[in-house]
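This report walks through selected local features of one protein chain, from backbone geometry to ring contacts and the surface. Please keep the sequence and the structure open while reading.

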Amino acid sequence: MRRYVDIFLALFGLMMLSALSSAQVVIQTPKEGEISPFRNQAIIGQAPAFMPVTLEIDDVPVDSGKVMPNGVFEFLGVPTHEGPAKFTVTVRFYNGQLFKAERHMHIIGSPDSIDVAMPGGEIPGDGSTVLPISVMLLDRWHVRIPGGYFVTVTADSLEIQGEDADSAAPGFQARLIDGKIAFGLTSTRYVGPTSVLLSTNGISVRIPVAVRTPHIPFMMVASADATGKRADVTRPEQQLSHPEDFESGYSARGRLAGFARGTVFDDYLMTLSVDTERKIEDQIYRDLDPNSLYSMYGDNSIVTYEAQSTSPVFARVERDRSYLLYGDYNTLVTRNEFAGYNRSFTGGKLHAENGHYSVDLFGSVTNRKVVQEEIRAQGISGYYYLRQNNLVTGSEKVRIEVRDRFHSEIVISRKEKSRYSDYDVDYPQGTLYFKQPVPSLDPQNNPVYIVVSYEATTSSANNVVAGGAGEVTLFKNITVGGTAVVEQRSPKNYVLTGGNIRWQLENLGSLQGEGARSYGIGANGGAWKVEAEIAPEKLFRLSPYYRKVDETFTNATQSGSGRERGTTKYGASFEVEPITGTKVGGEYYEQHQALASVSTDVKSLSGSVEQAIGKTGDVAARIEDVTYAGLNPEAPSQDLNTHSTILSGTTRATVVDGLRGSAGFEQNLRKAEKQARPNSLTIGLEYQVSSAITLYGQQKFLEDQGRLTTVGVTTKVDDATSVYGRYELGGSIAGERNAATIGLKNMWRITKALTANILFEKTKDLSKNLVEARTPDHDAASLSLEYFPTFPLRATAKGEYFKAVTNVRRGIDVGASFALFDGLSLLGKGTYFIDDARQTSGSLKQSDMMLGLAYRPASVNWLNVIGKVQFKSHANSTVTPGVDYRATIASMHTYLEVIPALELGIKYAMKNSRDIYDDMSTTMMSHFLLLRPQYDLAPEWNVAGECRALYQHAAKNLKLGYSVETGFVFIKNTMLSMGYNFQAYRERDLVENVYAVAGPYVTVRLKLTEELFGLDELR
């Protein structure tokens, strides 16, 4: 019996062994073909209990063990390489037989390429069309990455639609979700080639986007009215300030105003605006000043301008990047330095452009002159005073330039600024006031300039100004261009001509040259330069240059024109990186300037070496031999000759994560009575708050008591871009307008709701520098806060202090907007500024306080109220006689619909002012009230009346004016109105101008559309 049992057990064991061997080894995790982002994997499966088991990755043993009693084996946290991986599990039976199982999977690698899906690759420039963009990240095996990354998106001339995952970081941060990134691009009014840049994890791709002329259905709307009246004038004509408005007998006046826009001839977009009452005045680029009239309009609207023109007619026909227009325009001839011509006119302009050439032709008739001023920034927001106060409204172009402290011709950075969003301008006073302080030095001690170019009125007769510029690309790598401008002047015209050439050498570098010549009343002059950038296969970089500007060369629109006249500059710089992390460089330059009786010569030869220390720091050393011959800044009547040899060194290192320290010195090795640069010691700290924001502080000690202290904020965000969505209160306050009114554009985000900006500067004896930019002694401090929480409150505050040798300035700005409830919102702002003279007596004080409200509920349409109270003062005791002016102005407009057929309009304005001049004072207080009811007797027939009252306290004079009117639509879009004005007067201080006299009048009003002229077929 025992023998049969042994046989049975043997057979059973063989059967079990056979069953197990048929199952062999089973891998349950991971699944076959699985894709995983995790580098550490778990390999889990089943096999016979207690059997030895080994794990191989791509046939390389990595781990071993035994199967657990329950028949499960586990290899946990197995390090796995990126890309395709093969896991092999081998089980060794006691008889030596091997059984294996395999699994294949893919471990996601780092992003290696960006795949962008964009239908069509073009978008119409209509400001509304959204181009959908889909993005995938692929590793180097072209497998889609499911998540865990952000992609930074920046778009030129396009707006990105979507949720920004990190608004504090520069650009638009898009999160990778389920293997995709989706967002939209909305075009602006710009038409032409643009691009979208996507970057992540050290890789990037730029996708070209063509913005085409939009196809817009043709639309036209116009109105015409004519009024005839008979008047009797009883007052003597000599008692009237404007007798032409008060003439006896019959008279008539009319107006035609219209706007048309749409696609014509299939591919061309036409814009036409006509207004016979739009007279040519000293203002161009008419737009809405958010600070004038009412600072908020309560309708959450956004105003755009299709036809800015000072003349009665604006016309523009465009196709893609080419256009022909008559109206307000900027010449935009800015490709070159010497022959650049950047002015604003009302006249005609032709621009033609494609991928190979561009041509600009322009012409105008004007009596204006162009003025360009360079104002050294002072570390505060303002006020910055222009030399002239006869600015043409809207003509100014403001930019902030940072120039190299050793080479004044080199512009390190240039940022264009926008009126209202970046600065406010007072045209009568000729002042600029910025939203944020403008530092006098950048963090590398380079000087900062405010460059203002504007048109100024003159008393001369109208003259013709005409010119043109063009550029064409030859052989794909050579570009040539030319410029010619003529200004009619008496007794001799001004002429500016120029030419330029650029030669791009593939993998070798570039060569470019430019020349210009001016002709005018004075002596003729020329300017030219040649520059090269030699970098063969990026092995080294050599940059030679030569430039010469005659003292008699004149171009008022050239940036730095006054500073560069009479100069000859040449030199070369060299840089090579023999091994990774080590840079060796050198520079030689000579600068000669002879202007009138003053001449300055500088020669410099230097060599440097820079060594990176890991990823946390670097060290650099430099030796320079420099000679200076020219003006002595401490004794301007004396010439100075000095020769210095300067050894300098700097080191930077990361102290802790985010905090970086630096130190440097400059030591003269040669003794001289006056050193070209004094011995100095510099220490500094930088703290990176985020990827876009850095706080910095620097202290520089110069020999002989000189010093420089700076504290501030730097940002990678382009603060030239005006984005104001966060200011909007929704349905109550118009976001763009109020942003321009109270916004400060802070960049340092402390919390989600609070942003700040700080700046502190203290300079001493920097005006004595010989070979680098000179900075006047001053102290400047500024702190500004913006508080924008989620509930409907917006608040801003800014305080500034400035102290110089001649004066001390202090200024405070505050602003707040608050939505009380549906439709009712308040906005207040105020500025107080005081400038005390230190070397003389007296001070200048200015203040402007305003409180406004708007009630325009979305739920009802029978009541709308908008009002404003403003206090302004200006006191100047630094001049003789002193000036002291203050005024309080209040106004309110109300629209009330009592019943559907009855409308009532109410306007009230009050002005109380006091003007003190040379111990004589004038006080005036006036009230103005206007009521206008209108009742619709029928859809085609209405009656209306108007009553006006003006009361002046000083004269105790009450003036009343009243009129009645009835209107009837006798033909479609045509209304005939008849009325009688019983009493009238002219008042222009509180509300808009009113011209009227007593007597009957008849008015015909026409509404014109494309249908009337059969142009609706153009749709």
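Asn 445, with a relative accessibility of 12%, counts as buried, because buried means under 20% relative accessible area. The model discussed here is a predicted one, and every value below should be read with that in mind.

**Backbone geometry**

The buried residue just named also has a notable backbone angle: phi of Asn 445 is near 70 degrees, which is a positive value in a residue other than glycine. Asn 445 is located in the loop that runs between β30 (431-434) and β31 (448-456). Most residues other than glycine have a negative phi, and most peptide bonds are trans.

Lys 476 likewise is not a glycine and has a positive phi of about 70 degrees, and this residue is placed in the loop between β32 and β33. Is Lys 476 buried or exposed? Lys 476 is exposed, its relative accessible area being 83%, whereas Asn 445 is buried at 12%.

Two peptide bonds that precede a proline are cis. One of them joins Thr 29 and Pro 30, with omega at about 5 degrees, and Pro 30 belongs to the loop between β1 and β2 (34-36). Another joins Ser 490 and Pro 491, again with omega at about 5 degrees, and Pro 491 belongs to the loop between β33 (478-487) and β34 (494-505).

**Two loop residues and their partners**

Ser 395 is placed in the loop between β26 (382-385) and β27 (397-403). With a relative accessibility of 0%, Ser 395 counts as buried, and its side chain reaches the backbone nitrogen of Glu 455 at 3.1 Å.

Gln 24 is placed in the loop between α1 (2-23) and β1 (26-29), and with a relative accessible area of 33% this residue is partly exposed. How far apart are Gln 24 and Ala 101 in space, C-alpha to C-alpha? The distance is 7.8 Å, although 77 residues separate Gln 24 and Ala 101 in sequence.

**Aromatic rings**

The structure holds 13 aromatic pairs. Among them is the tilted pair of Phe 172 and Phe 183, with 6.3 Å from centre to centre and 50 degrees between the planes. Phe 172 lies in strand β14 (residues 172-175) and Phe 183 in strand β15 (residues 181-187), so this pair ties together parts that are eleven residues apart in sequence. Both rings belong to buried residues, since Phe 172 has a relative accessible area of 8% and Phe 183 one of 6%.

The rings of Phe 540 and Phe 574 also form a tilted pair, because their planes stand at 35 degrees while their centres are 5.8 Å apart. This pair links distant parts of the chain, with Phe 540 in strand β37 (residues 540-549) and Phe 574 in strand β38 (residues 567-579), 34 residues apart. Here Phe 540 counts as partly exposed at 30% relative accessibility, and Phe 574 is partly exposed as well, with a relative accessible area of 35%.

The two pairs are set out side by side below.

| Pair | Centre to centre | Angle between planes |
|---|---|---|
| Phe 172 and Phe 183 | 6.3 Å | 50 degrees |
| Phe 540 and Phe 574 | 5.8 Å | 35 degrees |

Elsewhere, Tyr 383, Tyr 433 and Phe 833 form one aromatic cluster. Tyrosine rings also take part in contacts with arginine: the charged end of Arg 316 sits over the ring of Tyr 323 at 4.1 Å from its centre, and Arg 376 lies over the face of Tyr 449 at 5.6 Å from the ring centre.

**A nonpolar patch on the surface**

Which residues form the nonpolar patch on the surface? The patch is formed by Leu 324, Leu 350, Tyr 357, Val 359, Leu 361, Val 472, Leu 474 and Phe 475, which together have about 690 Å² of accessible area. At least two residues of the patch come from each of β24 (357-366) and β32 (463-474), and β24 provides the largest share, with three residues. Leu 324, another member of the patch, is found in strand β22 (residues 322-330).

Key:
Residues are numbered from 1 along each chain as its sequence is written. This is a predicted model: local features need pLDDT of at least 70, side-chain atom pairs count only at pLDDT 80 or more; totals for chains, interfaces and linings use all residues. Side-chain values use heavy atoms; hydrogens and water are left out. Helices (H or I, at least four residues) and strands (E, at least two) are DSSP runs, numbered from the N terminus. Buried means under 20% relative accessible area, exposed over 50%, partly exposed in between (1.4 Å probe, protein chains only). A polar contact is a pair of N or O atoms within 3.5 Å; within protein, one must be able to donate a hydrogen and the other to accept it, and residues adjacent in sequence count only if both atoms are side-chain atoms. Patches are made of residues with over 30% relative accessible area and no salt bridge: like charges are joined within 9 Å, nonpolar side chains (Val, Leu, Ile, Met, Phe, Trp, Tyr) within 5 Å. Accessible areas come from the Shrake-Rupley method with a 1.4 Å probe; for residues, only the protein chains shown count as cover. A salt bridge is a side-chain nitrogen of Lys or Arg within 4 Å of a carboxyl oxygen of Asp or Glu. Rings of Phe, Tyr and Trp (its six-membered ring) pair if their centres lie within 6.5 Å; planes under 30 degrees apart count as stacked, over 60 as edge-to-face and the rest as tilted. A charge sits over a ring if NZ of Lys or CZ of Arg is within 6 Å of the ring centre and within 35 degrees of the ring normal.
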